[in-house]
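Trainee: Could we walk through this model together? I would like to start with how far to trust it, then look at how it packs.

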Amino acid sequence: MPRPEDRIYEPGATRAAIKDAVRKGLLTGLGAALLTRERIGQVMDRLVQEGKVTTDEARRMTDELVEKGRGEFKDLQERIQESLHKGLRELDVATTKDHETLEKRIESLEKANQALEIRLAALEKPAKRKSGDKGNG
């Protein structure tokens, strides 16, 4: 069961509010990732200057920490996306696939309607001729 802090929207939130929450979450995560790399570099530089780690160790540790941060950021993105999809489903928002299906159905119905109109017009022509013939005789 999702924890309350995992939710990026409140029940009943508007689509715009959900979109804004996602945008803020992604920007916050991106900013944190960039800040983290910079901060890790600063800490490692200080550790090298203090002689507590070698330059190679600092580089390796920085790479490991950055890679771990990327993995966590990816997990965060996936959780945000999952929450967004769930929120949109709860709001009963139509998907692109729903729209495409409806567009195809409308197109099909329009073609069927056009065919019926042509058939109806063809049936009406002989009837008009017959009623016109009766009036002349």
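**Confidence and core**

Mentor: Happy to. This is a predicted model, and its confidence is lowest in helix H1 (residues 15–49), at a mean pLDDT of 69, and highest in helix H3 (residues 96–136), at 85.

Trainee: What does the chain average in pLDDT?

Mentor: Some of the chain scores poorly: pLDDT stays under 50 over residues 1–10. On the other hand, 66% of the residues score at least 70. The average for the chain is a pLDDT of 76.

Trainee: Is Ala-58 buried or exposed?

Mentor: Start with its place: Ala-58 lies in helix H2 (residues 55–90). Its relative accessible area is 6%, and the cut-off for burial is under 20%. Ala-58 is therefore buried.

Trainee: Which residues does Ala-58 touch, not counting those up to four places away in sequence?

Mentor: A distance helps to set the scene: Ile-40 is 18 residues from Ala-58 in sequence, yet their C-alpha atoms are 9.3 Å apart in space. The contacts of Ala-58 itself, with residues up to four places away left out, are Met-44, Val-48 and Val-53.

Trainee: Which element gives the largest share of the largest nonpolar core?

Mentor: That core has six residues: Ile-40, Met-44, Leu-47, Val-53, Ala-58 and Val-66. The elements giving two or more residues to it are H1 and H2. The largest share, three residues, comes from H1.

Trainee: Which residues is Val-66 in contact with, leaving aside neighbours within four places?

Mentor: Val-66 is one of the core residues, as is Ile-40. With those sequence neighbours set aside, the contacts of Val-66 are Arg-37 and Ile-40.

Conventions: Residues numbered from 1 in each chain as written. Predicted model: local features only at pLDDT ≥ 70, side-chain atom pairs only at ≥ 80, totals over all residues. Heavy atoms only, no water. pLDDT = per-residue confidence, 0-100. Helix = DSSP H or I, 4+ residues; strand = E, 2+ residues; numbered from the N terminus. Contact = heavy atoms within 4.5 Å. Buried < 20%, exposed > 50% of the residue type's maximum accessible area, 1.4 Å probe, protein only. Core = buried A, V, L, I, M, F, W, Y, C linked by side-chain atoms within 4.5 Å.
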